[in-house]
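Hi,

Here is the structure I promised to pass on to you. Have a look at it first, and my notes follow below.

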Amino acid sequence: MSRARTAPDVSAEQVADWLKSRRSIRAYRETLVDRPLIEQALETARFAPSGHNRQPVSWIVVSGRDKISSLASAVIEWMRNAVAGGYPAAARLGFEGLVRRWDQGDDQICRNAPHLLLAHGPQSDTIAPGSCIIAVTYLQLAAAGLGLGTCWAGYVMIAMGLEPAFAKLIGLPEGQQVYGATLLGHARYKYHAIPARNELRVEWR
Ligand SMILES: Cc1cc2nc3c(=O)[nH]c(=O)nc-3n(C[C@H](O)[C@H](O)[C@H](O)COP(=O)(O)O)c2cc1C
């Protein structure tokens, strides 16, 4: 008879160190990650919490630098137009600098990553945005456990949120919205130290 798996015994210190040592990876090897490994990370992310346990998160995995680069290029052209049009978010979010770096051959949108994972949920579901963010966070931690590098694709998320035309580019089903996005691949480097962070801010009432 098969028994349900239980959580392994890990110390509080191991859990804390593991969480503290996750880092953003911004340089990837060209090779694609084997699909079963990506599936394994997605499988763990499936266990992320969601409001009412509604589990509203679905994923789109874009693989291949060419495809991802053409999506990054579309985001840059959208940013270029936003800068030219004096769009308020353009200055606030530093679009001009991102466009300049792109024109110099530096992709700060998708970092030449071999995979882009997009978490999406129903537009009508108020808990979908938060659930997608939590699912991406789980995915990133699971990927780190598998020796893979990840980095939030924040500008892709912004573009997806503000420009409906991007939905077509990634084949997003009708009525769905992308709320989370992460790059993924084999890291070109590894971090060893736990990074410095701001002091804890907390008020006890
Ligand atoms: C919502 C969100 C969006 C982000 N977007 C980007 C991004 O577009 N590009 C990038 O290089 N890093 C992005 N990051 C990564 C942060 O810059 C990074 O987490 C922070 O600098 C701390 O570094 P660490 O992740 O290595 O600990 C984003 C992080 C979050 C949480």
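A term you will need straight away: I call two residues in contact if their C-beta atoms, placed from the backbone, lie within 7 Å. Please bear in mind that this is a predicted model, where local features need pLDDT of at least 70 and side-chain atom pairs count only at pLDDT 80 or more, while totals for chains, interfaces and linings use all residues. Residues are numbered from 1 along each chain as its sequence is written.

Let's begin with histidine 186. Not counting neighbours within four places in sequence, histidine 186 is in contact with Tyr28, Arg29, Thr31, Val33, Leu148 and Gly149. Histidine 186 is partly exposed, because 18 other C-beta atoms lie within 10 Å (20 or more would make a residue buried, 12 or fewer exposed, with C-beta atoms placed from the backbone). Its place in the chain is the segment after strand 4 (176-185); strands here are DSSP runs of E with at least two residues, and helices are runs of H or I with at least four, numbered from the N terminus.

Now the sheet. Four strands form an open sheet in the order 1-2-4-3, with antiparallel pairing, where pairing takes at least two DSSP bridges between two strands. Strand 1 (58-63) and strand 3 (149-152) are at the edges with a single partner strand each, so one side of each has no neighbour in the sheet. Strand 2 (residues 115-122) and strand 4 run antiparallel, joined by eight bridges. Histidine 120, for example, has valine 178 in strand 4 as its bridge partner.

Happy browsing!
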